[in-house]
Amino acid sequence: MEVLRAAVDAIRKEKPRKIVVLTGAGVSADSGIPTFRGAGGLWRNYRAEDLATPEAFARSPLLVWEWYEWRRSIVREAEPNAAHRAIASLAKALVVTQNVDGLHQRAGSQNVIELHGNLFRTRCVRDDSRRDAIHAFGDLPPHCECGALLRPDVVWFGETLPEGAFARASHAVSEADLLLVIGTSGVVFPAAGLVSLHDGLSIEINPQVSAISSACTFAIAAKAAEAAPAIIEAIHAGTDR
Ligand code: APR
């Protein structure tokens, strides 16, 4: 593929060392996890925007939790794919992800900013205390020992990102020699705005044209698991690791 070859040539020429990888749901699509805005993104005819809001949770914690339990069960069965593994091989890179599935960490990435939280953590609505919650809940909606409702520790539409996460991500993106943008539609802010903070080589991998394709130096029209290993191999070749 011509664009992929041109991107590899640019990597060979520039030998980037400071690398940020910005990911969205598409990087996990090859692990069998449905994206939000693609085929299979609807659940019982609801869109993410109908369920991932404080208002939806206030209206029906049960409905929102049923959706999360469905997503949690899919992710529990899924495995990181070749794209997650290739990204993890960039030991010094920073991964900034909008995903809440934890697959980057399961693939071995150590330096991950989760902009939107994690599916396998809960938060007490009364005192905000967080805890890991790996297994399915017997009764829905789940409650804290204090009696209050638990919610997933994720960022819903209209909520702010975890403290410091966006500032750290912005700083790293603005300093990076190379920004890889993998599998995001680029329509949800502030995450999508990170791309405009980067000056220099940027490479998108997405089978579809996204809202941020034109802001990237190269937009490779391919699946993450197909193109990310080749791109990342070129990075390793240029830096002898
Ligand atoms: N490889 C790479 N990209 C892919 C693949 C694949 N195999 N399959 C689909 N894609 C692309 C789609 O073309 C689309 O552009 O992944 C993107 C997924 O877009 P969205 O579903 O909008 O997911 P994302 O960009 O992560 O959404 C952002 O919105 O719903 C909220 O909080 C949620 O974090 C999420 C945020």
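1. Let's start with the spacing of the two domains: in this predicted model, the C-alpha centres of domain 1 and domain 2 lie 27 Å apart. Domain 1 takes in 1–33 + 80–116 + 161–241, while domain 2 is made of 34–77 + 118–154. Where they meet, each contributes to the contact, with 14 residues from domain 1 and 14 residues from domain 2.

2. Now for the interface itself. Domain 1 and domain 2 bury about 990 Å² between them, and 59% of that area is on carbon and sulfur atoms. On the domain 1 side, Ala25, Ile33 and Val100 lose the most area to domain 2, together giving 47% of what that side buries. The domain 1 residues that touch domain 2 comprise six nonpolar, five polar and three charged ones.

3. What about polar links across this interface? There are four residue pairs in polar contact between domain 1 and domain 2, but zero salt bridges.

4. The ligand is worth your time too. Its shell draws at least three residues from each of domain 1 and domain 2. Of the 21 residues around the ligand, Ala25, Arg37, Thr184, Ser185 and Asn206 come nearest. By class, the shell has eight nonpolar, 10 polar and three charged residues.

5. A few atom pairs to look up in the viewer: a polar side-chain atom of Thr184 lies 2.6 Å from a ligand oxygen atom. The side chain of Asp30 places an N or O atom 3.1 Å from a ligand nitrogen, and a backbone N or O atom of Gly26 is 3.3 Å from a nitrogen atom of the ligand. On its own the ligand has 730 Å² of accessible area, and the protein covers 90% of it.

Conventions
Residues are numbered from 1 along each chain as its sequence is written. This is a predicted model: local features need pLDDT of at least 70, side-chain atom pairs count only at pLDDT 80 or more; totals for chains, interfaces and linings use all residues. Side-chain values use heavy atoms; hydrogens and water are left out. Domain bounds come from an automatic or database domain assignment. Contact means heavy atoms within 4.5 Å. Buried area is the accessible area (1.4 Å probe) that two parts lose on being put together, summed over both. A salt bridge is a side-chain nitrogen of Lys or Arg within 4 Å of a carboxyl oxygen of Asp or Glu. A polar contact is a pair of N or O atoms within 3.5 Å; within protein, one must be able to donate a hydrogen and the other to accept it, and residues adjacent in sequence count only if both atoms are side-chain atoms. Ala, Val, Leu, Ile, Met, Phe, Trp, Tyr, Cys and Pro count as nonpolar, Asp, Glu, Lys and Arg as charged, and the others, Gly among them, as polar. A residue is near a molecule or strand if one of its heavy atoms lies within 4 Å of it. Accessible areas come from the Shrake-Rupley method with a 1.4 Å probe; for residues, only the protein chains shown count as cover.
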